[in-house]
Amino acid sequence: MKIKVRKLHPNAQLPARQTIGSAGFDLSAAIDELMVIKPGETRLVPTGLAFEITGGYEIQIRPRSGLALKNQVTVLNSPGTIDCDFRGEVGVILTNLGKSSFIIHPGDRIAQIVVQKLPEVEFIEVAKIENTVRGDGAFGSTGV
């Protein structure tokens, strides 16, 4: 599958896999100068990229595990969704859950994207749905 990508910023980098077996493609910050995310702060980080995604697919934006583990920085709306009809610049909503400021340099890898095929779904209204052992047990109902 080929996805068309338009660079909107001179520093923008195409998404790239770091290993052959990677499911995710890293996204980089398309910024001209350092960006600081203070503890407890959330920032929109531009990627300088716009995508033309084939109908029936989406791109999910996910955190990079190394940033989460080492810096407590994550994608706030994880996974974020890029719909096939969106043509604007993709930004990554990063939040700093750590105790130290996090500095992003131009070109730093800030998140990863995964391309997903969407199933065809139709919702059908009914008067009753089948019960299960769990039933309507919600948060924590199955134990620890």
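**View 1. Strands E6 and E8 run antiparallel and are joined by 3 bridges.** Welcome to the first close-up of this predicted model. Strand E6 takes in residues 57-62, and Ile59 of that strand faces Ile82 in E8. A second pair to look for is Ile61, whose bridge partner in E8 is Gly80. On E11, which covers residues 109-117, strand E6 has a further antiparallel neighbour, and here 6 bridges make the connection. Ile59 appears again in this pairing, with Val115 as its bridge partner in E11. If you follow Ile59, then, you will meet Ile82 in E8 and Val115 in E11.

**View 2. An open sheet of 4 strands has the order E2-E11-E6-E8.** The pairing in this sheet is antiparallel. Which strands are at the edges? They are E2 and E8, and each of them pairs on one side only. From one strand to the next, the twist averages 35 degrees.

**View 3. An open sheet of 3 strands has the order E4-E9-E7.** The pairing is antiparallel here. Strand E4 (42-46) and E7 are the edge strands with a single partner each, so one side of both has no neighbour in the sheet. The average twist from one strand to the next is 35 degrees. Between E7 and E9 there are 3 bridges, in the antiparallel sense. To find your bearings in that pairing, start at Val73, whose bridge partner in E9 is Asn96.

**View 4. The peptide bond from Ser78 to Pro79 is cis.** Its omega is near -10 degrees. Pro79 belongs to the loop between E7 and E8. Asn77 is found in this loop too, which connects strand E7 (73-75) with strand E8 (80-82). Is Asn77 buried, exposed or partly exposed? Its relative accessibility is 39%, so it counts as partly exposed. For anyone checking backbone geometry, a reminder may help: most peptide bonds are trans, and most residues other than glycine have a negative phi.

**View 5. Gln72 has a positive phi of about 60 degrees, although it is not a glycine.** Where does Gln72 lie? Look in the loop between helix H1 (65-71) and E7. Gln72 has a relative accessible area of 35% and is therefore partly exposed.

**View 6. UniProt lists seven positions under "binding site" in an unreviewed entry: Arg64, Ser65, Gly66, Asn77, Thr81, Ile82 and Asp83.** These positions are spread over 20 residues of sequence, and they are spread in space as well, up to 26.3 Å between C-alpha atoms. Two of them sit in loops that are easy to pick out. Asn77 is in the loop between E7 and E8, while Asp83 is in the loop between E8 and strand E9 (91-96). With 44% relative accessibility, Asp83 counts as partly exposed. Ile82, also on the UniProt list, is the residue in E8 that stands opposite Ile59.

**View 7. Leu34, Val36 and Ile103 make up a nonpolar patch on the surface.** How much accessible area do these residues have together? The figure is about 240 Å². Leu34 is placed in the loop between strand E2 (25-28) and strand E3 (35-37).

**View 8. Ala50 is a buried residue in this model, with 7% relative accessibility.** Buried means under 20% relative accessible area, so the value of 7% for Ala50 meets the cut-off. Ala50 lies in strand E5, residues 49-52. Try measuring across to Glu122: the two residues are 72 apart in sequence and 29 Å apart in space, C-alpha to C-alpha.

**View 9. Gly135 lies in the segment after E11.** Its relative accessible area of 37% makes Gly135 partly exposed. Gly135 and Val5 are 130 residues apart along the chain, and 45 Å separates their C-alpha atoms. For a wider frame, the unreviewed UniProt entry carries the annotation "domain: dUTPase-like" for residues 11-143. The chain over residues 11-143 is 5% helix and 35% strand, with the end C-alpha atoms 48 Å apart.

Note on methods: Residues are numbered from 1 along each chain as its sequence is written. This is a predicted model: local features need pLDDT of at least 70, side-chain atom pairs count only at pLDDT 80 or more; totals for chains, interfaces and linings use all residues. Side-chain values use heavy atoms; hydrogens and water are left out. UniProt positions are given in the numbering used here, feature names are shortened, and annotations may be inferred rather than shown by experiment. Helices (H or I, at least four residues) and strands (E, at least two) are DSSP runs, numbered from the N terminus. Buried means under 20% relative accessible area, exposed over 50%, partly exposed in between (1.4 Å probe, protein chains only). Two strands pair if DSSP finds at least two bridges between them. Axes are lines fitted to C-alpha atoms, for helices over the stretch in contact, and angles run from 0 to 180 degrees between N-to-C directions. Patches are made of residues with over 30% relative accessible area and no salt bridge: like charges are joined within 9 Å, nonpolar side chains (Val, Leu, Ile, Met, Phe, Trp, Tyr) within 5 Å. Accessible areas come from the Shrake-Rupley method with a 1.4 Å probe; for residues, only the protein chains shown count as cover. A salt bridge is a side-chain nitrogen of Lys or Arg within 4 Å of a carboxyl oxygen of Asp or Glu.
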